[in-house]
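Please open the model in a viewer and keep the sequence panel visible. The stops below are given in the order in which they may be selected.

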Amino acid sequence: MNEEKKPEGKIVLQGKTFSWLENFWYHYKWVTIGVAFAVIVLLVCILQTCSKEKQDTIVVYAGPTYLSTSQTEQLTLALQTVVPRDFDGDGEKNLAMSLYEIYSEEQIRAIHSAGEKRIDTSRNSDQYQLYTTYQQTGESSIYLLDPWLYQSMDKNYLCPIAEAAGEGIAAKSADGYGVRLGDTELYEEYAVLRLLPEDTVICLMRPLVWGASSDEDAYAFEQEMFAAMIPSRGEGNS
């Protein structure tokens, strides 16, 4: 007995007729959603990476000073003047800032006692956690740190100034690892840098086995940048 020929592209399932697409969706709905989501995330990441301006170096500031967007841009431009060369070969010397507004417990108590403002301690903890996590990425080696943050660092993780900038400049450092921002030519030359406390310490972390600092050439460039930042008035860069 001849059965009635069913329309091409249709299947019968429990007495209902489904198109191929409906059948596919019926069986693979969640797999399809998962794959689509993964593709969207991947595309967003690719687009963000492609649209992000390349940077020759990143300088980190961590301490109790809040900088507005405008002030951050001015600070970035000031530090950009000492970028020694176009490292990534894109024809421009670019620098980025990574900022973490962090207060010590003593600073928070003093501010609260003076009634100047209230520090959001939860946000402060989050900023500190983000800062310590970023340190471990190896994406930046040059740090501008409030004294308490600098003192809390294990000096085994810091590059000696003599190694990065020579014995002459190292001799002017109290411990051979950090230089007071207020003692530098930059602090004298650029008013925007004086938004940061003069006792802010400039230091250079040793390279990690991952991140940008793990690249020998990239880390050598970081050393050049560090050496260009720290001379005091009347000093050369050698």
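With the whole chain in cartoon view, the protein displays 9 helices and 7 strands. The model is a predicted one. Buried residues account for 38% of the 238 residues. Colouring by surface gives an accessible area of about 14700 Å², with 54% of it belonging to carbon and sulfur atoms. Among contacts between residues at least 6 apart in sequence, 68% join residues at least 24 apart.

**Strand 5 and its partners**

Select residues 142-145, which form strand 5. Are the two faces of this strand covered or uncovered? Both are covered: Ile142 and Leu144 are buried on one side, and Tyr143 and Leu145 are buried on the other.

Next, add residues 57-63, which make up strand 3; this strand runs parallel to strand 5 and is joined to it by 4 bridges. Within this pairing, Ala62 has Leu145 of strand 5 as its bridge partner. Then add residues 201-204, strand 7, which runs antiparallel to strand 5 and is likewise joined to it by 4 bridges. Here Leu145 is paired with Val201 of strand 7. Leu145 thus has a bridge partner in strand 3, namely Ala62, and another in strand 7, namely Val201.

**Salt bridges**

Now display the charged side chains as sticks. Side chains of opposite charge can pair when their charged atoms come close. How many salt bridges does a search of the whole structure find? The search finds 5.

Begin with Arg123 and Glu101, whose side chains meet in a salt bridge at 3.4 Å, N to O. Arg123 belongs to helix 4 (residues 121-135) and Glu101 to strand 4 (residues 95-101), so the pair ties together parts that are 22 residues apart in sequence. Arg123 counts as partly exposed because its relative accessibility is 41%, whereas Glu101, with a relative accessible area of 14%, is buried.

Move on to Glu163 and Arg206, which meet in a salt bridge at 3.9 Å, N to O. This pair links distant parts of the chain, 43 residues apart: Glu163 sits in helix 6 (residues 161-165), and Arg206 in the loop between strand 7 and helix 9 (216-229). Arg206 is partly exposed, with a relative accessible area of 33%.

The next selection is Asp183 with Arg180, where the closest N and O atoms of the salt bridge are 2.8 Å apart. Add Glu198 to the selection, as salt bridges with shared partners join Arg180, Asp183 and Glu198 into one network. Asp183 is partly exposed at 37% relative accessible area, and Arg180 is partly exposed at 32%.

**The nonpolar cores**

Hide the charged side chains and turn to the interior. In soluble globular proteins, nonpolar side chains tend to be buried together. Which residues touch the most other members of the largest nonpolar core? In this core of 35 residues, they are Leu75, Leu79, Ile161, Phe226, Met229 and Ile230. Helix 9 contributes the most to this core, with 7 residues.

Centre the view on Ile230. Apart from its neighbours within four places in sequence, Ile230 is in contact with Ile161, Ala165, Ile169, Val179, Thr184 and Ile202.

For the last stop, select Val60, Leu149, Met153 and Val201, which are among the members of a second, separate core of 15 residues. Val201 has already appeared on this tour, as the bridge partner of Leu145.

Definitions and conventions: Residues are numbered from 1 along each chain as its sequence is written. This is a predicted model: local features need pLDDT of at least 70, side-chain atom pairs count only at pLDDT 80 or more; totals for chains, interfaces and linings use all residues. Side-chain values use heavy atoms; hydrogens and water are left out. Buried means under 20% relative accessible area, exposed over 50%, partly exposed in between (1.4 Å probe, protein chains only). Two strands pair if DSSP finds at least two bridges between them. A salt bridge is a side-chain nitrogen of Lys or Arg within 4 Å of a carboxyl oxygen of Asp or Glu. A nonpolar core is a set of buried Ala, Val, Leu, Ile, Met, Phe, Trp, Tyr and Cys residues joined through side-chain atoms within 4.5 Å. Contact means heavy atoms within 4.5 Å. Accessible areas come from the Shrake-Rupley method with a 1.4 Å probe; for residues, only the protein chains shown count as cover.
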